[in-house]
Amino acid sequence: MTFKVSRTLGFGHCDPAGIAYFPSYFDIMVEVMEEIFAALGSPWPTMMGERRIGVPTVKLDVDFTAPSRHGDRLDFAVRVARLGRSSLELHYRVTTRGRPVWTARQVIVAISLDTQRAVSWPDDLRAALAAHLETADAHDLAP
């Protein structure tokens, strides 16, 4: 199952020419990821504040294919590509008006905010993530 989220590219996301400043994409990507975790039943204030679990990015590969401009609606299609013991790989496809803008492959890791060490996904969150895996062989049980 693919998560679909849209965001409007605001004035503050752009350079003086009105074209998206690429680091702004990453701020928006974090907002989208936060919305996905909330949809999975694990809103970040609870996950980080009460459960003390963070999700830092450990790998990010991005390909930019076209510019986007102030006011464009960015349509995110995000899929869960791989689920490990403590890792998660997300694939993003971002379009505007049906035109591809950028794609990304992001790997995040569940960590204890107290120890800064990787931890296994909690059972409830693992089940929610597993329900959204794109393929049956996407499990990676290696540590």
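Which residues do ring pairs link into a cluster? In this predicted model, the cluster that ring pairs build consists of Y21, F22, Y25, F26, F64, F76 and W102.

**Aromatic pairs**

The structure holds eight aromatic pairs. One of them joins F22 and F64 in an edge-to-face arrangement, with the ring centres 6.0 Å apart and an angle of 65° between the planes. This pair links distant parts of the chain, since F22 belongs to helix α1 (residues 22-39) and F64 to strand β3 (residues 57-64), 42 residues apart. Both partners are partly exposed: the relative accessible area is 44% for F22 and 41% for F64.

F76 and W102 also form an edge-to-face pair, with 5.7 Å from centre to centre and 85° between the planes. Because F76 lies in strand β4 (residues 73-84) and W102 in strand β6 (residues 99-109), the pair ties together parts of the chain that are 26 residues apart in sequence. F76 and W102 are buried, whereas F22, a member of the cluster formed by ring pairs, is partly exposed at 44%.

**Strands β1, β4 and β5**

Strand β4, which holds F76, pairs with β1 in the antiparallel sense over seven bridges, and within this part of the fold T2 stands opposite R79 in β4. The side chains along strand β1 (residues 2-8) alternate, so that F3, V5 and R7 point to one face and are buried, while T2, K4, S6 and T8 point to the other face and are not buried.

R79 appears again in the surroundings of H91, a residue placed in strand β5 (residues 87-96). Leaving aside residues up to four places away in sequence, H91 touches A77, V78, R79, A81, A104 and R105. The side chain of H91 is also joined to that of E89 by a polar contact of 2.5 Å. E89 and R105, in turn, take part with K59 and D61 in a network of salt bridges.

**Salt bridges**

The count of salt bridges comes to nine, and three of them are set out below.

| Salt bridge | Closest N to O distance |
|---|---|
| D124 and R51 | 2.8 Å |
| R52 and D114 | 3.1 Å |
| R73 and D75 | 2.7 Å |

The salt bridge of D124 with R51, at 2.8 Å, links distant parts of the chain: D124 is in helix α3 (residues 123-130), and R51 is in the loop between α2 (44-50) and β2 (53-54), 73 residues apart. D124 is partly exposed, with a relative accessible area of 44%, and R51 likewise counts as partly exposed, at 31% relative accessibility.

The side chains of R52 and D114 meet in a salt bridge of 3.1 Å, N to O. R52 lies in the loop between α2 and β2, and D114 in the loop between β7 (111-112) and α3, so this pair ties together parts that are 62 residues apart in sequence. Here the partners fall into separate classes of exposure, for R52 is partly exposed with a relative accessible area of 33%, while D114 is exposed with 55%.

In the salt bridge that R73 forms with D75, the closest N and O atoms are 2.7 Å apart, and R73 is partly exposed, with a relative accessible area of 48%.

Notes:
Residues numbered from 1 in each chain as written. Predicted model: local features only at pLDDT ≥ 70, side-chain atom pairs only at ≥ 80, totals over all residues. Heavy atoms only, no water. Phe/Tyr/Trp six-rings, centres within 6.5 Å; stacked < 30°, edge-to-face > 60°. Helix = DSSP H or I, 4+ residues; strand = E, 2+ residues; numbered from the N terminus. Buried < 20%, exposed > 50% of the residue type's maximum accessible area, 1.4 Å probe, protein only. Polar contact = N/O pair within 3.5 Å; in protein donor to acceptor, adjacent residues only side chain to side chain. Contact = heavy atoms within 4.5 Å. Pairing = 2+ DSSP bridges. Salt bridge = Lys/Arg side-chain N within 4 Å of Asp/Glu carboxyl O.
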